[in-house]
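The report below discusses selected side-chain interactions and local environments in one protein model. The sequence and coordinates are shown first.

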Amino acid sequence: MTVSGKDKRGLVEKLRTLRTRLDRLERRNAELVHVEQELRESLEQFETVFDNTLVGLYRTTPDGRFLMANSVLVNMLGYCSFDELARRNLENEGYDPQFPRAVFRERIEREGKVIGLESAWKRSDGTTLYVRESAQAVRDESGKTLYYQGTVEDITEHRQTKRALHESEELFVALAANLSEGVNIADENLCCLFANPAGAKIFGVEPGGLAGRNLREFVSDEGHAIVEEQRSKRREGIASSYDLEIIRPDGQKRQLIVTATPRFSEDGKYVGALAVFFDVAEKSEAALMSIFRAAPVGIGLECGRVLSRVNDQICAMLGYSRDELVGRNARMFYPS
């Protein structure tokens, strides 16, 4: 068979074209292999992150069925495997009655997402798991919700700690309310955050009248240097006791003995002080009255020949009650 030069050139062109196409297919195949390898590596990375993250990850249908959940969430809810968890429906048995899933569903359908929603789920053994949940609704082109996907953080311990702290604060307030000494908590700038009734009384204001006020406004001119000196000590973590003169709104001066303890935040920042204080004059009078009442001899205090105070012993000696003696003229006891 004889092939002309023209036909040979045509065959060569076809071979070149086929070779070019083959090269393109080989490059395309290599690209596909590379893409497949990247996808495989990405999937492995996703699975690693998905299963080893510190929070629970999930994907659920609007009617409460689990489509995906990582091992953290499976363990968090007390199950051995995802298959066990998948048999559970959040709509029917997932949420604590006080935190119905309808609240979550209505909010995410309305806003498209929820961020930091706190609620309570039930573990497999029926105990309560308090969680902080963030999720978004994934919808199709028509706007129909396909599923919800999000994160779940276990805050049970945090919530219990917060509750214990709240109970401790309530106990502190109850105890402080019954103390005869003044108690206040102030921030680093001496703005009063809390004061018990006795503290308000010592400062000459109504109960609750110290909160929000800066305690410097009550300090006498001589006392400001003492206040700043003690603040410097507290910033260094030193608790101390000191004398301090204050001026009440009515102009009366009071000499206080103050014991202050510094307060620091969790990160070590100075945030203020807790102070216990009392009025020296009132304490002295209280001590004298204690002696007055407990003395083994009869004592009466006379003001302008009229008895103003008497103790139990003098009442017993004279045969009168306290009400019969107070306000009477002391001459009644003398025959001449």
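With which side chain does the side chain of Glu133 make a polar contact? The partner is the side chain of Tyr58, at 2.6 Å. The model is a predicted one, and every value in this report is computed from it.

## Glu133 in strand 4

Glu133 belongs to strand 4, which spans residues 128–139. Although Glu133 is buried, it has no salt bridge. Arg101 is the nearest side chain of opposite charge, and it is 6.6 Å away from Glu133. Because a salt bridge requires a side-chain nitrogen of Lys or Arg within 4 Å of a carboxyl oxygen of Asp or Glu, the separation of 6.6 Å between Glu133 and Arg101 does not qualify. Arg101 is instead linked with Glu91 and Arg105 in a network of salt bridges.

The surroundings of Glu133 can also be described through its contacts. When neighbours within four places in sequence are left aside, the residues in contact with Glu133 include Tyr58, Tyr95, Phe104 and Trp121. Val114, Ile115, Gly116 and Leu117 are also among them, as are Ser119, Thr151 and Val152.

## Salt bridges

Side chains of opposite charge can pair when their charged atoms come close. In this model, 14 salt bridges are counted. Three individual pairs are tabulated here with their N to O distances.

| Pair | Distance |
|---|---|
| Arg132 and Glu118 | 3.3 Å |
| Arg132 and Glu153 | 3.2 Å |
| Arg254 and Asp279 | 2.8 Å |

Arg132 takes part in a salt bridge with Glu118 and in another with Glu153. What does the pair of Arg132 and Glu118 tie together? Arg132 lies in strand 4 and Glu118 in strand 3 (residues 113–122), so this pair ties together parts that are 14 residues apart in sequence. Arg132 is partly exposed, at 26% relative accessibility, and Glu118 is likewise classed as partly exposed, at 38%.

The salt bridge between Arg132 and Glu153 has a closest N to O distance of 3.2 Å. Glu153 lies in strand 5 (residues 145–154) and Arg132 in strand 4, so the pair ties together parts that are 21 residues apart in sequence. Glu153 is partly exposed, with a relative accessible area of 36%.

The closest N and O atoms of Arg254 and Asp279 are 2.8 Å apart. Since Arg254 lies in strand 9 (residues 253–264) and Asp279 in strand 10 (residues 270–279), this pair ties together parts that are 25 residues apart in sequence. Is Asp279 buried or exposed? Asp279 counts as buried, at 2% relative accessibility.

## Asn70, Asn75 and the region of helix 2

Asn70 lies in the loop between strand 2 (66–69) and helix 2, and it is buried, with a relative accessible area of 0%. Which backbone atoms does the side chain of Asn70 reach? One is the backbone oxygen of Val55, at 3.1 Å, and another is the backbone nitrogen of Leu73, at 3.1 Å.

Asn75 lies within helix 2 itself (residues 71–76). At 54% relative accessibility, Asn75 is exposed. Its C-alpha atom is separated by 9.1 Å from that of Gly56, and these two residues are 19 residues apart along the chain.

## Two loop residues

Leu190 is situated in the loop between strand 6 (182–187) and strand 7 (192–195). Most residues other than glycine have a negative phi. Leu190, which is not a glycine, has a positive phi of about 70 degrees. Leu190 is also buried, with a relative accessible area of 10%.

Ser142 occupies the loop between strand 4 and strand 5 and is exposed, with a relative accessible area of 64%. The side chains of Ser142 and Asp140 are joined by a polar contact of 2.7 Å. Measuring from C-alpha to C-alpha, Ser142 and Leu85 are 30 Å apart in space, with their positions 57 residues apart in sequence numbering.

## A nonpolar surface patch

A nonpolar patch on the surface is formed by Met317, Leu318, Tyr320 and Met332. Together these residues have about 350 Å² of accessible area. Met332 is found in the segment after helix 11 (322–325) and is partly exposed, with a relative accessible area of 30%.

Key. Residues are numbered from 1 along each chain as its sequence is written. This is a predicted model: local features need pLDDT of at least 70, side-chain atom pairs count only at pLDDT 80 or more; totals for chains, interfaces and linings use all residues. Side-chain values use heavy atoms; hydrogens and water are left out. Helices (H or I, at least four residues) and strands (E, at least two) are DSSP runs, numbered from the N terminus. Buried means under 20% relative accessible area, exposed over 50%, partly exposed in between (1.4 Å probe, protein chains only). Lys and Arg count as positive and Asp and Glu as negative; His and the chain ends are not counted. A polar contact is a pair of N or O atoms within 3.5 Å; within protein, one must be able to donate a hydrogen and the other to accept it, and residues adjacent in sequence count only if both atoms are side-chain atoms. Contact means heavy atoms within 4.5 Å. Patches are made of residues with over 30% relative accessible area and no salt bridge: like charges are joined within 9 Å, nonpolar side chains (Val, Leu, Ile, Met, Phe, Trp, Tyr) within 5 Å. Accessible areas come from the Shrake-Rupley method with a 1.4 Å probe; for residues, only the protein chains shown count as cover.
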